[in-house]
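Reader: Please pick one part of this model and look at it closely for me. Then carry on from there to the surrounding architecture, with the cut-offs behind each term.

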Amino acid sequence: MAIRQLSETLINQIAAGEVIERPASAAKELIENALDAGATRIEIATAGGGKALLRVSDNGSGMDAADLELAVRRHCTSKISETLEDIRTLGFRGEALPSIGSVARLSIASRKRDSTGGHEIAVTGGKIAHMRPAAANPGTIVEVRDLFFATPARLKFLKTEKAEAGAITEIVKRMAIAFPAVRFVLSGSDRTTLEFPATGDDHLARMAQVLGKEFRDNAIALDAVREEISLTGFAGVPTFNRGNSAHQYAFVNGRPVQDKLILSAIRGAYAETIPSGRYPVAVLSITLDPALVDVNVHPAKSDVRFRDPGLVRGLIVGAIREALARDGSRAATTGASDMLRSFRPGFQPNSQRPQGGWSAETSPSRPFQPTTGFGERPQASFDGLSMPTARAEPQLSPQPAAPEPNARYPLGAARAQIHANYIVAQTEDGLVIVDQHAAHERLVFEAMRKALHSKRLASQVLLIPEIIDIPEEDCDRLMQHAAELSELGLAIERFGPGAIAVRETPAMLGEVDAHGLIRQLADEIAEWDTASGLSAKLEYVAATMACHGSVRSGRRLRPEEMNALLREMEVTPGSGQCNHGRPTYIELKLSDIERLFGRS
């Protein structure tokens, strides 16, 4: 078969398959063009999820007739010259407009700021119409109708109008976060109007517009530099998390990207602080020399390739972990709101019609009766409880130091223990409820992690070794990492083909359920064991051990023990969540309590 040159229209349609995958892709390219043109106001209108109509209007620099003529032709651009080493604009390939015009009905009306009139050009299914004068304000209006009408097969792969409209909304949100000085308006017949007023240099204010006002109260500022690569942005506290990764935004030199390296670094930075199946909220902006990053990896320009990926990953992980250690232990402000919503009145009106005759006890018009009261029977269960002291004392030691007369403690003083699991503490402006097991689990883990970097953990020799029967393959995995486990104070030996003998356990854990610990370690090693060995993941093992050696739920604590736990939490990094990412305490402000009683 002879080789022949493809037509320009077919070439553009092939390119459109990579550049314009869906209406959101077209919206992204048009918004990038508007931003590159210096626009400070961008309006986007859609219909039918962007399939029927997509219009992007801006007040940028605009184009004259000669620019318009070239703008709809492939590989014509004003943004690069002869090299890809110094790309400082969002667009640079010169493919978006001709690709859109090859599969849709495209019209562009533009006017330069210093011109007295504008011009308009149209492209329908790859056919360019003649230029004509047009009345236009300074800037550019790009209108795309009947997207993919020239390639009907592509229409079959699009999602519902609602889903496509949602994808465009996500694109606008990402652009809005990246450019807070630009006003964005998104409207149309298929959506409610969404507007992001310009916030100037206040990036956090723009993030609050997009991510919600709760993000402002639960965000930690990031500012780190490593070898001429800078990282700025905000990371949410671990207890402020979401059910998917849609609230993680990354920008490289101002370009919104969805890079696997960056997302992986975020996940690694929040390890042991986020529950399984939950995702942190973060906005990261990386700035570096354009020569150190390749943005020409994919026509959609959503992926990038760093010259030194290890350096970038280390910068992200280090900056986020340092921020979490500094300010990440506080509870999310949303915890109090969730707590308030969970409260219900202690009485319920009986609205059901009585089955028999009328009686005072069953009448729906009878006075409200509390489901629980303060009579002798409900209060009988409190007889055996002693009232704890309100004093906040330091952790017990052979000679405990006296508390400072005017000392202030963020977690307050213990007032009570309820259900043998939750500590209620009074603070200066509210109260705190602490999950004693989760809190102590974190304290033990941090102590083990600190000891890991200094020396082998102290161990206690068992008088009689614990023999644990497990499958032979699990025995093999455990014994391959016996040396690493010994560093944690856990000494094990092979005891026949299908058994492990535990001779020593970490001293700081006290009494340990060796059977449960060994079986859980075997399961975890089987799941994520790699050629790098267990040494790279000792902290995960430490977290597992800490869970087995913590104060258990159901244990009664003395007042001094409760206060000692609170004081230790206040000075321990990451104490706001346990090793599994669950919150260790919830704070309820006095104003929230007053709202429960209708006093505010």
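Author: Happily, let's begin with strand β23 (residues 491-494) and strand β24 (residues 499-506), which run antiparallel and are joined by 4 bridges. Strands here are DSSP runs of E with at least two residues, helices are runs of H or I with at least four, and both are numbered from the N terminus. Two strands are called paired if DSSP finds at least two bridges between them. Within this hairpin, Glu-493 has Ala-501 of β24 as its bridge partner. There are 4 residues between the two strands, and Gly-496 adopts a positive phi near 85° in this hairpin.

Before moving on, a word on how to read the values. This is a predicted model, in which local features need pLDDT of at least 70 and side-chain atom pairs count only at pLDDT 80 or more, while totals for chains, interfaces and linings use all residues. Residues are numbered from 1 along each chain as its sequence is written, and side-chain values use heavy atoms, with hydrogens and water left out.

From the hairpin we can turn to the sheets. Strands of a sheet pair through backbone hydrogen bonds, either parallel or antiparallel. One open sheet has 4 strands in the order β19-β20-β21-β25, with antiparallel pairing. Its edges are β19 (413-418) and β25 (585-589); each has a single partner strand, so one side of each is left without a neighbour in the sheet. From one strand to the next, the twist averages 20°. Strand β20 (residues 422-427) runs antiparallel to β19 and is joined to it by 5 bridges, with Ile-418 standing opposite Tyr-422 in β20. Helix α18 (residues 559-570) packs on this sheet and touches β19, β20, β21 (430-435) and β25, its direction making about 120° with that of β19. Contact here means heavy atoms within 4.5 Å. The axes are lines fitted to C-alpha atoms, for helices over the stretch in contact, and the angles run from 0 to 180 degrees between N-to-C directions.

A second open sheet to look at has 5 strands in the order β10-β11-β16-β13-β14, and its pairing is mixed. The edge positions belong to β10 (219-226) and β14 (255-257), each with a single partner strand, so one side of each has no neighbour in the sheet. On average, neighbouring strands of this sheet are turned by 20° against each other, direction ignored. Strand β11 (residues 229-236) pairs with strand β16 (residues 282-287) in the antiparallel sense over 6 bridges, and Thr-232 stands opposite Ser-285 in β16. Helix α10 lies across β10, β11 and β16, at about 140° to β10.

That helix leads us to the interior. In soluble globular proteins, nonpolar side chains tend to be buried together. The largest nonpolar core has 89 residues, and Ile-42, Phe-184, Phe-215, Ile-262 and Ile-316 have the most contacts inside it. Helix α10 (residues 309-327) gives the most to this core, with 9 residues. The core lies between domain 1 (8-81 + 90-196) and domain 2 (203-333), because both give residues to it; the domain bounds come from an automatic or database domain assignment. A nonpolar core is a set of buried Ala, Val, Leu, Ile, Met, Phe, Trp, Tyr and Cys residues joined through side-chain atoms within 4.5 Å. Buried means under 20% relative accessible area, exposed over 50%, and partly exposed in between (1.4 Å probe, protein chains only). Leaving aside residues up to four places away in sequence, Ile-262 touches Ala-250, Val-252, Val-257, Leu-284, Ile-286, Phe-306 and Ile-316. A second, separate core of 17 residues brings us back towards our starting point: among its members are Ile-468, Ile-492, Leu-521 and Ala-522.

Charged pairs complete the tour. The whole structure holds 22 salt bridges, each being a side-chain nitrogen of Lys or Arg within 4 Å of a carboxyl oxygen of Asp or Glu. One of them joins Arg-55 to Glu-143, with 3.0 Å between the closest N and O atoms. This pair links distant parts of the chain, 88 residues apart: Arg-55 sits in strand β2 (residues 53-58) and Glu-143 in strand β7 (residues 139-145). Arg-55 counts as partly exposed at 25% relative accessibility, whereas Glu-143 is buried at 18%. Lys-589 and Glu-587 also meet in a salt bridge, 2.8 Å from N to O. Lys-589 is partly exposed, with a relative accessible area of 31%, and Glu-587 is partly exposed at 25%. Finally, a network of salt bridges links Arg-41, Glu-43, Arg-183 and Glu-195.
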